[in-house]
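Trainee: I should like a close look at a single part of this model, namely the aromatic residues and the packing around them. Please take the neighbouring side chains into account as well.

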Amino acid sequence: MEKFTSVVAVFGVVVVLLLQCAAAQTVHVVGDSIGWRVPTGGASAYETWAASKQFVVGDILLFNFATNEHDVLQVPKESYDSCSSSNPIGDTITTGPVNITLSTASTHYYICTIGRHCQSGQKLAVTVSGSPSAVPPTTSTPPATPTPSTTPSPTSGTPADCAPTPASSPTSSPPMGPTTPETMPPPDSSSSSSVFASLFIYLLSIAMVFLF
C-alpha cells in the first residue's frame with residue numbers, strides 16, 4: 001500500500017509538470033534572422049519585429065549577438081528615446097547570446113550601449129501583457145435557403161402531358177464558412193517543450209522504480 005501511494009504521488013508530480021509544459025512560455029529570438037545588431041533599416045526594423053509578436057509575462061527574449069561586439073541594457077523610456085545609459089535598470093549584459101525573462105506586464109526598453117549603435121537603431125521596446133489576449137469569437141454566415149420549385153399542373157389527360165416537368169436545380173450562393181481571424185506570422189522562436197519532455201521521462205523512470 002505504501003509503494004502504491006508513492007507511485008501515485010510521483011505521477012501527481014508528473015501531471016503537474018505536464019500542465020506547466022502545456023502552458024510553457026515562448027522564447028522570442030529578437031529580430032529573428034536579423035539578430036541583435038545594428039539594423040540596416042534603422043530603428044524601424046525592431047519596431048516592426050516587436051509589433052508582429054505578442055509578449056506575455058514569463059516569455060523570454062533571446063538576444064543573439066557576439067560577445068564584445070554588442071551588449072544589452074534595460075533602461076527607462078526617457079533613456080531609450082535619448083539612447084542614454086545614465087539610468088540603467090540592472091547591469092549591462094556584455095556576453096551573448098543571452099536570455100532575458102519578461103517578468104512584469106509593462107513596456108520594456110532595451111538598448112545597445114556600444115558606440116553609436118543605439119542611435120543607429122539598435123534598440124528595442126516590447127509591450128508585455130499579463131495573459132494572452134483573447135481572440136474575439138467569429139460568426140459564420142448561414143448558407144442561403146434555396147427556393148423550392150413548383151411542379152406545373154398537367155394540362156391534358158394524356159400520359160405525356162401528365163408527366164411532371166423535371167425541376168431545375170436551385171441556384172444558391174455557396175455557403176460561407178466561418179471567418180478566419182488574421183493570425184500573425186509564426187515567430188522564429190523555440191519552445192522549452194523538449195526540456196519538459198526530458199523531465200517527464202526522468203520522473204516516469206523514477207515512478208517505475210517505485211512500482212517494481
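Mentor: The account below begins with the chain as a whole and then turns to the rings, the cores and the residues beside them.

The model is predicted. Its protein chain has five helices and eight strands, and along the sequence these follow the pattern α-β-α-β-β-β-α-β-β-β-β-α-α. Of the 212 residues of the chain, 25% count as buried. Among contacts with a separation of 6 or more, 73% are between residues 24 or more positions apart.

Five aromatic pairs are counted. One of them joins Trp 36 and Phe 63 in an edge-to-face arrangement, with 5.0 Å centre to centre and 85 degrees between the planes. Trp 36 belongs to the loop between β1 (27-29) and α2 (44-51), while Phe 63 belongs to strand β3, so the pair ties together parts that are 27 residues apart in sequence. Both Trp 36 and Phe 63 are buried. A further pair, Tyr 80 with Tyr 109, is tilted: the centres are 5.0 Å apart and the planes stand at 45 degrees. Here Tyr 80 comes from helix α3 (residues 77-82) and Tyr 109 from strand β7 (residues 107-111), so this pair ties together parts that are 29 residues apart in sequence. Tyr 80 and Tyr 109 are buried. Lys 123 lies over the face of Tyr 80, at 4.6 Å from the ring centre.

The pair of Trp 36 and Phe 63 also belongs to a wider arrangement: ring pairs link Trp 36, Tyr 46, Phe 63 and Tyr 110 into a cluster.

The nonpolar cores come next. In soluble globular proteins, nonpolar side chains tend to be buried together. The largest nonpolar core in this model has 18 residues, and those with the most contacts inside it are Trp 36, Leu 61, Phe 63, Tyr 110, Leu 124 and Val 126. The elements that give two or more residues to this core are α2, β3, β6 (98-101) and β8. Phe 63 illustrates the surroundings: leaving out residues up to four places away in sequence, Phe 63 touches Val 30, Trp 36, Val 72, Pro 97, Val 98, Ile 100, Tyr 110 and Leu 124. Apart from the largest core lies another, of seven residues, among them Val 75, Tyr 80, Cys 83 and Tyr 109.

Cys 83 leads from this second core to the disulfide. The structure holds one disulfide, formed by Cys 83 and Cys 118 with their sulfur atoms 2.1 Å apart. The link of Cys 83 and Cys 118 is left-handed, with -75 degrees about the S-S bond. Cys 83 sits in the loop between α3 and β5 (89-93) and Cys 118 in the loop between β7 and β8 (123-129), so the pair ties together parts that are 35 residues apart in sequence. Cys 83 and Cys 118 are buried. Cys 112, by contrast, is in no disulfide, and the nearest cysteine sulfur, that of Cys 118, is 8.0 Å away. Cys 112 counts as buried because its relative accessibility is 1%, below the 20% limit.

Cys 112 and Trp 36 are both among the contacts of His 70. His 70 lies in the loop between β3 (60-63) and β4 (72-75), and with a relative accessible area of 11% it is buried. Its side chain makes a polar contact of 3.2 Å with the side chain of His 117, and another polar contact of 3.2 Å joins the side chains of His 70 and Gln 122. Leaving aside neighbours within four places in sequence, the residues in contact with His 70 also include Arg 37, Val 38, Phe 65, Thr 94 and Ile 114.

Finally, strand β8, which was named among the contributors to the largest core, also contains Ser 129. Ser 129 counts as partly exposed because its relative accessibility is 27%, a value in the range between 20% and 50%. Without residues up to four places away in sequence, the contacts of Ser 129 are Phe 55, Val 56, Val 57 and Ala 105. Ser 129 and Gln 54 are 75 residues apart in sequence, yet 8.2 Å apart in space, C-alpha to C-alpha.

Technical notes:
Residues are numbered from 1 along each chain as its sequence is written. This is a predicted model: local features need pLDDT of at least 70, side-chain atom pairs count only at pLDDT 80 or more; totals for chains, interfaces and linings use all residues. Side-chain values use heavy atoms; hydrogens and water are left out. Helices (H or I, at least four residues) and strands (E, at least two) are DSSP runs, numbered from the N terminus. Buried means under 20% relative accessible area, exposed over 50%, partly exposed in between (1.4 Å probe, protein chains only). A polar contact is a pair of N or O atoms within 3.5 Å; within protein, one must be able to donate a hydrogen and the other to accept it, and residues adjacent in sequence count only if both atoms are side-chain atoms. Contact means heavy atoms within 4.5 Å. Rings of Phe, Tyr and Trp (its six-membered ring) pair if their centres lie within 6.5 Å; planes under 30 degrees apart count as stacked, over 60 as edge-to-face and the rest as tilted. A charge sits over a ring if NZ of Lys or CZ of Arg is within 6 Å of the ring centre and within 35 degrees of the ring normal. A disulfide is a pair of cysteine sulfur atoms within 2.5 Å. A nonpolar core is a set of buried Ala, Val, Leu, Ile, Met, Phe, Trp, Tyr and Cys residues joined through side-chain atoms within 4.5 Å.
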